[in-house]
Structure formats: C-alpha cells, structure tokens
Protein chains: 4
Amino acid sequence: MKAVRLHEFHQPPVIDDVPEPTIGGPLDVIVKIGGAGVCRTDLHIMEGQWDERMHTPLPYTLGHENAGWVHEVGSGVTSLQPGDTVILHPLVTEGLCHACRAGDDMHCENSAFPGLSRDGGMAEYLLTSARACVKLNPETRPADVAALADAGITAYHAVRKAIPLLYPGTTCVVIGAGGLGHIGIQCLATLTATRIIVIDANPDALKLAEQLGAQHTVVADGRQRDAVAELTKGKGAPVVLDFVAEQGAEADGWAMTGEAGSYFVIGYGGTLHIPALDVISTERNVVGNIVGTYNELAELMVLAQAGKVTLHTRTYPLDAAADALADLDAGRVRGRAILVP
Amino acid sequence: MKAVRLHEFHQPPVIDDVPEPTIGGPLDVIVKIGGAGVCRTDLHIMEGQWDERMHTPLPYTLGHENAGWVHEVGSGVTSLQPGDTVILHPLVTEGLCHACRAGDDMHCENSAFPGLSRDGGMAEYLLTSARACVKLNPETRPADVAALADAGITAYHAVRKAIPLLYPGTTCVVIGAGGLGHIGIQCLATLTATRIIVIDANPDALKLAEQLGAQHTVVADGRQRDAVAELTKGKGAPVVLDFVAEQGAEADGWAMTGEAGSYFVIGYGGTLHIPALDVISTERNVVGNIVGTYNELAELMVLAQAGKVTLHTRTYPLDAAADALADLDAGRVRGRAILVP
Amino acid sequence: MKAVRLHEFHQPPVIDDVPEPTIGGPLDVIVKIGGAGVCRTDLHIMEGQWDERMHTPLPYTLGHENAGWVHEVGSGVTSLQPGDTVILHPLVTEGLCHACRAGDDMHCENSAFPGLSRDGGMAEYLLTSARACVKLNPETRPADVAALADAGITAYHAVRKAIPLLYPGTTCVVIGAGGLGHIGIQCLATLTATRIIVIDANPDALKLAEQLGAQHTVVADGRQRDAVAELTKGKGAPVVLDFVAEQGAEADGWAMTGEAGSYFVIGYGGTLHIPALDVISTERNVVGNIVGTYNELAELMVLAQAGKVTLHTRTYPLDAAADALADLDAGRVRGRAILVP
Amino acid sequence: MKAVRLHEFHQPPVIDDVPEPTIGGPLDVIVKIGGAGVCRTDLHIMEGQWDERMHTPLPYTLGHENAGWVHEVGSGVTSLQPGDTVILHPLVTEGLCHACRAGDDMHCENSAFPGLSRDGGMAEYLLTSARACVKLNPETRPADVAALADAGITAYHAVRKAIPLLYPGTTCVVIGAGGLGHIGIQCLATLTATRIIVIDANPDALKLAEQLGAQHTVVADGRQRDAVAELTKGKGAPVVLDFVAEQGAEADGWAMTGEAGSYFVIGYGGTLHIPALDVISTERNVVGNIVGTYNELAELMVLAQAGKVTLHTRTYPLDAAADALADLDAGRVRGRAILVP
C-alpha cells in the first residue's frame, strides 16, 4: 500500500510502497483510512522536536489524526465489525493501568501513539486497537471529521476542564482562532454562557470567531493586553485558553489571567517565565492540556453529528502530502488539510 | 500603646507609642493581642518586596499573624463579646463580593490586610472586623496558636486543595520542613494516607518531619531529584508541595512532578522557567496558593485543638521585635517566633 | 402602606394598612417593591403546610419573590444607594456562619425568610438586608424579573448542580414545564448540550417546552414511563429534574432515573417510597434542592439580561392579590402572576 | 474440582464435583482460590432476592468475594503470570463502555458478576478476566484479604465518596459496625479527621468501633436518634453511612442527616418513606452505593498492606460451606467467614 513516510528529519516525507499492516494481537483492528489530518505537530516531528520524548522511529509513516472504516479485527474484538465507520482516538491504550481505569486514558502507562511513536494513518491502512475506535453513524464521511481526532479532541478537552470555572457572568479569553481555536470557540459557545473574547493576528480568523460565538474580538497587534484589561475592568479573566503559546502569546496569556484564575496551555513553542511571587500573590494556576480521553472524543462526535461543532477542511490526495505540509507551513491552509487515500 | 512600626525600608522597625485603635464601623472589632507571629514575609516587607502590590503604608505597624481576646465590638456585632478568645483570619473582608460568597474570601474584592496594607498586630491592640474572628476555646493561649493564622492556614489551604489527588497509593513530595512545611506534613498525615517524601537541607528539620509522619526524607544536597526519581520509579509524584520556591527548589519541584501531576507553589522568591512543550506533553499543572479561607482557618483550629497539628514556637516580648526579626533572618529560630505584648 | 396579609390559615389574605418598615440594624435595607411574585408556596402557606417548619407568624405579609428599588439603607451599607434597581435573594442571611462562607448561603444558620418567617414583599415596602440585594441594570423593570427571585433561582440552582452530569451524549428528563420547569429548560438549553425530554400533562406547556429547547416532549397520560424508556433504550436518564414531585410524578421520576443516575427533587407534595435494595443495586441518588445561593441569583440575572432566560408573566395590582391567588389555584395563570403595588 | 453449588432457592448449597473452568477468550484468567468470603448477600441469594435482577443461574457455584493465585492465562494476557497472588474485583468487565472508561467500572454495560450471575469462587478454581485481577505482594495470604473484595471495597467506596464532605469539624454517623461497618470506620479514621459516631445494637461491636477510631458510640436501643441529636446539638450530621438500612435503621439514618447533608445507603432490606417536602426543605440527599471500582480495590489493598485496615476473619474448609452460612445466619460469626479450599 502507499504510505507517507518520514526518512530523515528536516526532509519532506516521501510516498513509499509498504506492506499492509496485519493483525497481531486479539484486540487489534485494521482501519481503512478515509481521512488523515495534517497537523502542525507533523511539521514539528519533521524538525525533530518530538524525537527526545517519542523516539521518532525513522523511517515511519506519519499521521495521528485519523478516521475511516474497520477493515479487519482480531479474534477478541466483539464491539466492531468490518465496514463500521470509525474515528480513532489518537492513542492505542491497554486499558489496565490506573489512568485508563480512572478516565485519563491519555496518560496510559503502556500506550502507543500511531503517527508519533509508530506507523500512523497517512496511508491506505492503519493498525490500531478496538479500544481506540469510536463508532460513527454509517453515513459520516471520515474525511469530514478526521480533524476532530486530534485538533478537535484537544480543544474540547481543554474547554471541558474549564467549564466549572465559566459560569454566567465570567469571561473566557481565547488566544488563537485557528485549527484548534475555532473548535474551542464552538465548544465554549455551546457548553457555557461565558463571555468569549478571542485574540488573533489574522482579521479573517477573528471574523470567523464572531460567527462562531465570540462576543469580542481583539487583533493581536501589540496592544492586546490593554484591550483585554479594558474589557475586563483591569481584572483579567478567570480562564485563558492559549492555543498558541509561542511568540509572546505565552506571556500575554499569563498576564491576562485574573486573580485566582487559570491559564490553560494548549499550544506550544514558547517558554513561560513566571516569578513564584506572581503565582502565589494572586493564586493563579497554569493548567497543562494534552489531547483528551476516548470518552471526550465520543462526546465531541455527538456535538459534531448534531451540527454544533463544524470544521473547515481542504482535502488533498495522499500523493500530495508534501504539498499539504508545505501549504500548512506557509500559512496557505484555512482550517485543516486532510489527506484522502 | 506600644507598637512595632516600620518607618523605612531596609531599616529595622522601632517601638513607637501610638494611640489605641478605635471602633469606626458597626462591624469593627478591637482585639487585645495575645501573640503575634514573626514571619519571613515581614523580612520581605522590610526589603520593600511587597510595596508594589500592597502599597506598604509607611510608617505603620507590622504583624499579620495574630491571636488574642476581643476587647471591644462595634454596634452591629452580635457574634462576639469582649473577652472571647480569638484567632484572626489575616484578611478583613466585606463578605459581599462573589469571592466571599463563593467560599474564596482570600480573594475578596474589597479587603484589607492588617500588617501589610494597614496597621497590624505587633502591638497591644489591633483593629479588625467581626468577619475575621475565629472563636476559640476560652482556655486556648493565643501565643500558642497565633502562628496558625498565617503559616498554618497557608499550609492547610494547599494540603486541602491537594487531598483529592492524594488517594492511597500516591506519593506527595514536600519541599521544605520549616515553619509552613512542618504544619503541612501534619495536615497530610492526618487527612490522607499518601506516602510523604520530605526534602530539606537541614537534617534536624528532616528528623522532625519523620516524627510528624514523613515516610521518606531526602537531604537537599544537590542529588535530591535523583533521590525522588528513585523513590518514584522514575515517574515523579502527582503532587509536589513547594514551601520554598527559591534557590533552585522551584526547578526541582517542577522536575519532581509526574505526568498529569500538580506542582503547588507556596513559597516564593524564585522564578519558574518552563517550556510550554513541557507543560502540554505531560499535562502538568502549576497551582498557586495564598493563605486560605476563614472556614479553612476554623477547620485547622479543630485539628490544633484536637492535638493533630502542633507548633514549635519561641516567644519574645514585644520590645524585642527587632531581635526576633534578626534571629529569624539569621536562621536562629526553630519553629516560629511569637511576640507577646 | 398597603400590604397583603394572612390572618388565618385556610382564609384568603386581606389588604391591610400597616406602618412602613423602618431601618433597625446597620446593614438593613428597605426596598420599594416593584413586583412581587405569586407562588404555589403561598397557597401551601395559606393551607398551613409550612407552619411546623417556619412558624408562620400570623398575621403577617406574604411575598417571598421580590424585586424593586432601594428606598433607604442602614448606616453600615456602602454597596447600595437609594434608587438602585434590585432583585432580592429570598433569604436574609448574616454571612458569618460556615454555610454562608462556603457558598451555601441558603443554609445560613441565622437567616430569616421574608414572606415565610416574617413580613414579605406583597406590600409597598419590604425590609431586607444589604446581603440580599442583587443590583440590576437601572433600566430593568422589577415586575419583569421578580419571578426569578424564587422560581428562577430554584430552577437554576438545580440545573447548575446537574451540569457536571450532563455532558454531550446524555439525556435529561424534565418533569413539569410550568413556572419553574420552563425556566429550567432554558437553563439546560443554554448551559449544556444534553438531550432534553420534557413531560407535562398540558399540551400547551409542551409546545412552549419545544420552543425553549426540548428535543422531545411526552404527554403525561399514564404512559410516560414507557415513552421515556423507549427514548432511552430502556436505560433511563442520568438526570431527572422533577419540578412536580406529587401526584405520581415522584414515582415516575425515580423510575426514569438510570443506573448511577440522580433524581433531583424540586417540587413537593408527594412522598417517595423506595426500597433500599433499589437504591444500592443501581447506585442511584435522590438529590434535594431548595432555592439557591446569592451568587446563583446573580448568575441567573446575567442570563436574563442577556435574553437567554425569559419569563411569561401576568401582572395584577396589589389590591387584587386574592384574585391572583385564586387564579393560580384554579390553574388560570400562564407563567407567573406578579403583584405590582 | 469441588464447588459449593446452589441447586434450589431456600435450600442449603451442596458440594458438587464439577469440571475445572477452562480458558475461553484471550483475556480470560483462571484463579486458584485461596479464600472465598461468605457474605450476607449469599443468604439473600439463597432466598431468591437477587433472582429478578441477576437471573440467578441455578444450579451454580456461589462466591463473589475471592482471592487466590493466578493459575492460567489467556493468549492476550500480558499483565499477569501463573503464580501471581491476586484479589479479584467482583465484576468481570469489558473495559470498552463509557462507564469503564470514566472510572465507574461497576456500572459496566457488559459485565458478569461471578457468584451472582455465573459461577463464583466457592470452589477450587474460578474463571475471571485479566481486568479483574489486582496483583498483591507475593507474601499476602489470600484468605486474609478475600473479604476486602466485596465487603471491603463497598465500605471503602462509600467512604471515599464522602471524604469531600468530611472536613475537620464535621461529624459522620456510622450505622452498623459489623462486616462492612468495621472496615468503613477504619477508612474514615485513616482518611479524614471527622468525628465518628457509631451506632450498633451489639455492645461488642461498639467496643471494637472505639478501638478502630470512633469518638462516640451509641447503643441502638431505641433512643439512638436522641443520642445523635444531643451529640450534634440538634443539627444532625452532614454524612450518615448506613451499613444496615433495614429494621428501622433506614428511617433513623435519614432522620440523623442534617440540613444539606447526605444519607449514604449501603446496607439493604428496608424501604425509605420520605416526603418530598422533607427532601427539599432541608436539601438533603440519598446517596446509593454499590461495590466500587477496580482502582478503589487497589487503593484499599494499599491501606490493608500498610496495616491501616485490618479484618477479623474466621476460616472454614470448603466442605463446611453450609456450616459457615448457617453460622452467619445465626449471628455466630464475628467479622467475616472465609472458605479455604
């Protein structure tokens, strides 16, 4: 089968012809890919940024944001049948550790991360496990929803954690209205009645944010802190969701967080520099966020299938993976690029 | 009356003769001081560190850790009578804002902080409000418990927030077994069954920590991260309570925090430097902590009066305030120094 | 001034001429009533149902659902000025007990309940306290929002407690789409993405429920349990909000509650009969609900002023109080009857 | 192998010779039983009480409280090896449904309950799954801990849910200091600083309760409600844990629950009769409890292996199962009867 494989860091991936994956264990599932999202993390992987943590197994197949149809199942799988339409939780977990059993499966102690730690979904077929498959309505087109498997779940997870803090009368600042941010705004608008302030450098992104439910938008032109201070009477916001966290956003985000508030880090690239006195005198928190749980992906699919969360996507054939990655890197993709084998 | 007053930054306070405070509003209370704790924050105030935030009102009376007896009450006070033994919540709050009504009175929007923003308790009498007074058993000696009014409540507040994370089988790392830390250890031991690892540079402090309930102690000799890694099988701890947060502890504390864990900042002085990638790839949190609520102080007094939290104190006459501060600065105080007028 | 006073149980109240209330304590506030809601609880009070609990102080002035304008304030009140438009939290609390400080002011240990335990708001003026006043936009008309002071806060409080249970993909059954229920449906629709099933005997109420956000409506015609079982694939719902809880609804509500689910009792009149084996074998809960906190009333007013919660009301002059009560008793009031002095 | 099998309701079980279980699916595990607890639920099963819910599959092997050693594992099991000492979570779950993934595995949608819905552990060997096995220190004797598999986990689960309500200064009433209750008291004493009041008709049980950490004990002699009212200044307790819930305890428990408090039903047999007005006017809750999660059993084993929870047991050979059941029924067992094959 064809697969988009990375052979060397700092080189574009190439289309290889590789053997199809085969069922190994009783809970294995092979999925025929219907759509594989192209993510900024793919660019970071190509730059070697994830090598230290994930031991990027060169050469290997990229793609950690996948949806498709069940192709074959292991002997122990009873919950799925060939032909089922599925979206895939990004992690392949065992389900036996404390985290999996406590509803924190993204912290599974024995997990694999297809597309990061082993072959991913930018290919015709992907090996995953029964535990990773969220069944969808048969009529759902995988390419339409694939981006929810990583961008979506990550935004939803952060919003869901913030909900108890966002009762009526509060304000939530959203930094970045791009791939993740525009999903986060929709989740906030449908799950809370908080006032949403969105910050982005791109006026088009802000226009979209308004359509999706933002009450206020702020152009990131260097005066964004003042704008938020004015909108919050100098108090800052109880919740800041930072989908950027680089190039100064990480300092803005902390500064915009009010007393007793929480600064949610979702993007990455920058570094926080925070005096402990600043942390304690205001009792602010920094909250980490990474993908989300299987249940959260299932919940998000309920919102998506009800039309409450929608995605902007642009599809490319699998052969054009390098083009899609180059377009993403150059800022030429609006919404999410999706490879369709 | 006599009062310990700071006239200039970087100068020791002096004993002034000042008028006794008088009742202004209907909910005012004047307390005859029985004990006023001497805190590292007093040293920081004298260095001017809190001026920017609190607008230190020079010259003024120090002392933010106070207990004594009710001396006089305003016309609207029905919950207290002259002679009642009381410990004082450090903040004077109005009780009308969202925070006060939500059980977060330390974030009151209209509060005063005697000893920081106005005259404190290193004096014969202190002006506070009925809302700040926790009634004690009449036989309680204020000088014995005064240190719980700030050091105690701060340690208790942090532990209480961490309890849901510290179910049996978990590990809690405590950095610093001094004034606050030795109270925190006792709170952990009485309110959880977590395994407690205590880190301190001082072997005597570690000996005390063991007596108070620590399962493991680690000398902070430069190899403390390795020691914690070994004790946690390389995983780190789900909770780190950092009562130091300066001189490298703030980097240690973050490094010792395990995946999905929370690093509680309680001490201050240092600065955190954390790449956003570190925050998100492990989904760790930084949790701010500042004093605690009135209810928490009341709860802590239940523990203290039951003998489950005890304090090491050394008393000084009010006139010897400068000596007490100098002893504290030089590391000559074991436990807490208390001024007794 | 004129006041609607109850002299004897089982007799209609009469319009008396009584002295205006006067400021007693420093935090007292006198409110000129702009609207006083007429509630089914008033009928129950007249029947003597609340006498045992509240020691109904005959003769006295009815009215526990009040809004208006500040008329006069005590010497210690700084947060309000004559002329301010306010809606009143139903309880007059001290703010000093554990409950008030923990964000549970409806469980204040030293509270009064105007309209139940002392003179209420069906009069030209009402004595309350500064702690009970929620300031509104000056242009708000008190008669338009008064019903939120009790019916609204009660519905909102129950919904707010249920929110963590109502993530996307869940179902919430609402029994009763009348005065409280039609507010509860709006709160659910704006604060969650749960699927809402509404049950009522009145087809008009169900029509309104659909307009307000219900996905399914069920006529209470004796087959309502089967209907809910079918809609939930035999599993029942994780949350049932019972705004009726009499005449069989209380048995229906429990039966419709699914495994590990919670049955919220908000209405009253009936009696629960539940075998302990039923409670434990399914791990279901019964959740009590009574009014709500001051903060919750303030949050609800945010929703109301944003147009997300709206009320159907019918106004009567104060003199027509007996008519309004009779109309309510006879089922002739759609939405809420409001007395306007 | 020998097995204790129930052939008919209302008849004692008999010792049959049956085939050993065999591995069917890839995650199956066969455990050599080291100890099987004898529970009051076994008596209720024999009376047919569970037939309607569990479809008791007569004839079948009793025993739902099991510990032993792994004997054989299926092809997909990697977490266990023959010889491992294990205690068994009472349910065999799939791990794929929302409940399992949310940390509520006792509400698994596709579970089996050995000893209730299929062959249990009163036999030489038991068929379970890898997901049900909690690994223990090799030196642990299964017969010593087997009773924690059901009695223990159930008591621990209820206490763990109550912990957030039981901060210092609160009171917890425990009804019943028998098999479950005496474990619950130990969990309360080690995990909270609440004041514990224990009620039991048996003075010996109360003596044990005091040794285990109860501050007050009350003989259930008909005046128990007054005793609790006096100890709580007429307010009742915020938490009542009712391990009995029959023969009047269920009415006592509700009556002893204070305003805004929670009545935890753990025992069964009685029926609650509660006016909705009682539920709402005090905002009290009834909280169901059934066994607990796998993680909770693992946590409890940490407490047990640290000596913080200990059990009173009496062992019987497997052949003497009928004697053990008769002794239990007649109140001749102190602590828990354990069958040892």
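# Notebook: how chain B meets its neighbours

**Entry 1: polar links between B and D.** I began with chain B and chain D and looked for residue pairs in polar contact, both at pLDDT 80 or more; the count is zero. I bring up pLDDT because this is a predicted model. I then looked for salt bridges between chain B and chain D, and that count is zero as well.

**Entry 2: what B and D do share.** I turned to the contact itself and found 13 residues from chain B and 13 residues from chain D in it. Together the two chains bury about 1,100 Å², with 62% of that on carbon and sulfur atoms. Which three residues supply the most on the chain B side? I noted Pro168(B), Leu191(B) and Ala193(B), which give 40% of the area that chain B buries against chain D, more than any other three residues.

**Entry 3: the elements at this contact.** I checked which elements of chain B give two or more residues to the side that touches chain D: they are helix H5 (151-162), helix H6 (181-191) and helix H11 (294-305). H11(B) gives the most, with three residues. I sorted the residues of this side by kind and got seven nonpolar, three polar and three charged.

**Entry 4: the symmetry of B and D.** I laid chain B on chain D: a turn of 180° and a shift of 0.0 Å along the axis does it, with an RMSD of 0.0 Å. The two copies are therefore related as by a two-fold rotation axis. Which C-alpha of chain B is nearest the axis? I found that of Leu191(B), 2.7 Å from it. Leu191(B) was already in my notes as one of the three residues that supply 40% of the area buried by chain B here. Both copies use the same surface, as 100% of the contact residues of chain B recur in chain D.

**Entry 5: chain B against chain A.** Next I looked up the other partner. Here 40 residues of chain B are in contact with 40 residues of chain A. The buried area is about 3,100 Å², and carbon and sulfur atoms give 56% of it. On the chain B side, Leu277(B), Ile280(B) and Glu283(B) lose the most area to chain A, together 21% of what that side buries.

**Entry 6: polar links between B and A.** How many salt bridges cross the interface of chain B and chain A? I have six in my notes. I looked up the one between Arg53(A) and Asp278(B), where the closest N and O atoms are 2.7 Å apart. For residue pairs in polar contact between chain B and chain A, both at pLDDT 80 or more, I noted a count of 26.

**Entry 7: the elements facing A.** Two or more residues each come from H5, strand E13 (257-265), strand E14 (271-275), helix H10 (276-282) and strand E15 (285-288) of chain B. H10(B) has the largest share of this side, seven residues. By kind, I counted off 18 nonpolar, 14 polar and eight charged residues.

**Entry 8: the symmetry of B and A.** I tried the superposition here too, and a rotation of 180° with 0.0 Å of shift along its axis puts chain B on chain A at an RMSD of 0.0 Å. Again the same surface serves both copies, with 100% of the contact residues of chain B recurring in chain A.

**Entry 9: links within a chain.** Over all chains I have 60 salt bridges. One of these joins Lys2(B) and Asp319(B), with the closest N and O atoms 3.0 Å apart. Lys2(B) is in strand E1 (residues 2-6) and Asp319(B) in the loop between strand E16 (313-317) and helix H12 (321-329) of chain B, so the pair ties together parts that are 317 residues apart in sequence.

I also searched for aromatic pairs and noted four over all chains. Trp50(A) and Tyr268(A) form an edge-to-face pair, 5.8 Å centre to centre with 90° between the planes. This pair links distant parts of the chain, 218 residues apart: Trp50(A) is in the loop between helix H1 (40-46) and helix H2 (51-54), and Tyr268(A) in the loop between strand E13 (257-265) and strand E14 (271-275) of chain A.

**Entry 10: backbone oddities.** Most residues other than glycine have a negative phi, and most peptide bonds are trans. I therefore wrote down the exceptions I met. Leu58(B) and Pro59(B) are joined by a cis peptide bond with omega about -15°, and Pro59(B) lies in the loop between helix H2 (51-54) and strand E4 (60-61) of chain B. Val291(A), not a glycine, has a positive phi of about 25°; I found Val291(A) in the loop between strand E15 (285-288) and helix H11 (294-305) of chain A.

Notes. Residues are numbered from 1 along each chain as its sequence is written. Chains are lettered from A and ligands numbered from 1 in the order in which they are written. This is a predicted model: local features need pLDDT of at least 70, side-chain atom pairs count only at pLDDT 80 or more; totals for chains, interfaces and linings use all residues. Side-chain values use heavy atoms; hydrogens and water are left out. Copies are superposed by least squares on the C-alpha atoms of residues with pLDDT of at least 70 in both. Contact means heavy atoms within 4.5 Å. Buried area is the accessible area (1.4 Å probe) that two parts lose on being put together, summed over both. A salt bridge is a side-chain nitrogen of Lys or Arg within 4 Å of a carboxyl oxygen of Asp or Glu. A polar contact is a pair of N or O atoms within 3.5 Å; within protein, one must be able to donate a hydrogen and the other to accept it, and residues adjacent in sequence count only if both atoms are side-chain atoms. Helices (H or I, at least four residues) and strands (E, at least two) are DSSP runs, numbered from the N terminus. Ala, Val, Leu, Ile, Met, Phe, Trp, Tyr, Cys and Pro count as nonpolar, Asp, Glu, Lys and Arg as charged, and the others, Gly among them, as polar. Rings of Phe, Tyr and Trp (its six-membered ring) pair if their centres lie within 6.5 Å; planes under 30 degrees apart count as stacked, over 60 as edge-to-face and the rest as tilted.
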